[in-house]
Amino acid sequence: MTLLYLLNLFGVAVFAVSGALAAGRKRLDLMGVLVIAVVTAIGGGTLRDLLLDRHPIFWFREMENLVVIVLAALLTPVYVRFRRAPERALLIADALGLAVFTISGTQLAWTAGLPGAIAVMMGVITGVAGGMMRDVLTTEIPLILRREHLYATAAIVGGSLFLLLDIAGVPGSLSTLLGILTVFLVRLGSILWSIHLPAFVLPPDAND
């Protein structure tokens, strides 16, 4: 098993957990929990594979991903029944999924021979798409559009660092782990300390 394969399994698991938590906050039934968990976990990777023309799509080829997603989705309600999930559990789970899928998407695009900027963009798409689908389905403003935290910025920083390390000749496993850690720490720091980019606010109209 390669490091990227194991990280992808971890990524779908934590994104499935984030989907299940989001469904629980909306008081959805068990089928709703499964649907949101599956969409969250495979959304980004599916879009990535379609854009890169990778066939079959990863979860067609690796059915164990669906097994991991279903298990994670079903175990989440069991866990929270006996132990209350931390207030920021959804954000932490999402940050982990964002970190893993950003770097996996960047790495796949980079090894496919795409330019660095496109590879980073593909990593961002892979990392954020599943969470966006989850938020839209649960009628929430997608995290990527909320100004109170860094989201896509964290993915861009981590994906760019991964590429720079790879170009510098750092071993693949180390550059992958450092890239994931960077995305997660930037995202986590923004959650804990409310770090965000300056907001664009239109000045009041003189005629108002």
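Start your tour at the largest pocket, which has a volume of about 410 Å³. A pocket here is an open set of points on a 1 Å grid over the protein atoms alone, with protein on both sides within 12 Å along at least five of seven lines. Grid points are joined across faces, edges and corners, and the volume is the space filled by probe spheres set on them.

Before you click further, keep in mind that this is a predicted model, in which local features need pLDDT of at least 70 and side-chain atom pairs count only at pLDDT 80 or more, while totals for chains, interfaces and linings use all residues. Residues are numbered from 1 along each chain as its sequence is written, and side-chain values use heavy atoms, with hydrogens and water left out.

**Stop 1: the largest pocket**

Select Leu-21, Gly-24, Arg-25, Val-80 and Ala-85; of the 17 residues lining the largest pocket, these lie nearest its centre. A lining residue has an atom within 4 Å of a point. Now colour the helices α1 (3-25), α2 (30-51), α4 (64-82) and α5 (89-111), the elements that each give two or more residues to this lining. Helices are DSSP runs (H or I, at least four residues), numbered from the N terminus. The largest share, 4 residues, comes from α1.

What is the lining of the largest pocket made of, by class? It has 11 nonpolar, 2 polar and 4 charged residues. In this scheme Ala, Val, Leu, Ile, Met, Phe, Trp, Tyr, Cys and Pro count as nonpolar, Asp, Glu, Lys and Arg as charged, and the others, Gly among them, as polar.

**Stop 2: the second largest pocket**

Keep Arg-25 selected and add Leu-90, Leu-91, Glu-140 and Arg-146: these five lie nearest the centre of the second largest pocket, which is lined by 15 residues. Helices α1, α5 and α6 (116-137) each give two or more residues to that lining. The volume of the second largest pocket is about 250 Å³. By class, its lining has 4 nonpolar, 2 polar and 9 charged residues.

**Stop 3: salt bridges**

Stay with Glu-140 and show Lys-26: their side chains meet in a salt bridge (2.9 Å, N to O). The pair ties together parts that are 114 residues apart in sequence, because Lys-26 lies in the loop between α1 and α2 and Glu-140 in the loop between α6 and α7 (152-167). A salt bridge is a side-chain nitrogen of Lys or Arg within 4 Å of a carboxyl oxygen of Asp or Glu, and the count comes to 7 by this rule. Add Arg-146 to see a network of salt bridges linking Lys-26, Glu-140 and Arg-146.

Are Lys-26 and Glu-140 buried or exposed? Lys-26 is partly exposed, at 34% relative accessibility, and Glu-140 is also partly exposed, at 36%. Buried means under 20% relative accessible area, exposed over 50%, and partly exposed in between (1.4 Å probe, protein chains only).

Next, select Arg-134 and Asp-94, whose closest N and O atoms are 2.9 Å apart in a salt bridge. This pair links distant parts of the chain, with Arg-134 in helix α6 and Asp-94 in helix α5, 40 residues apart. Both residues are buried. Then try Arg-48 and Asp-49, another salt bridge, with 3.0 Å between the closest N and O atoms; both of these are buried as well.

**Stop 4: a glycine pair**

Go to Gly-105 in helix α5, which is buried at a relative accessible area of 0%. Draw a C-alpha to C-alpha distance to Gly-45: the two are 60 residues apart in sequence and 7.6 Å apart in space.

**Stop 5: backbone details in the loops**

Zoom to His-55 and Pro-56, joined by a cis peptide bond with omega about -5°. Pro-56 lies in the loop between α2 and α3 (58-61), and Asp-53 lies in that loop too. Asp-53 has a positive phi of about 55° although it is not a glycine, and it is exposed at 56% relative accessibility.

Which loop holds Thr-139? Thr-139 is in the loop between α6 and α7. Its phi is positive, about 55°, although Thr-139 is not a glycine, and the residue is exposed, with a relative accessible area of 64%.

**Last stop: helix α8**

Finish on Leu-185, in helix α8 (residues 172-193), which is partly exposed at 47% relative accessible area.

Methods:
1 Å grid on protein atoms, 1.4 Å probe; cavity = no way out; pocket = protein on both sides within 12 Å on 5 of 7 lines; lining within 4 Å.
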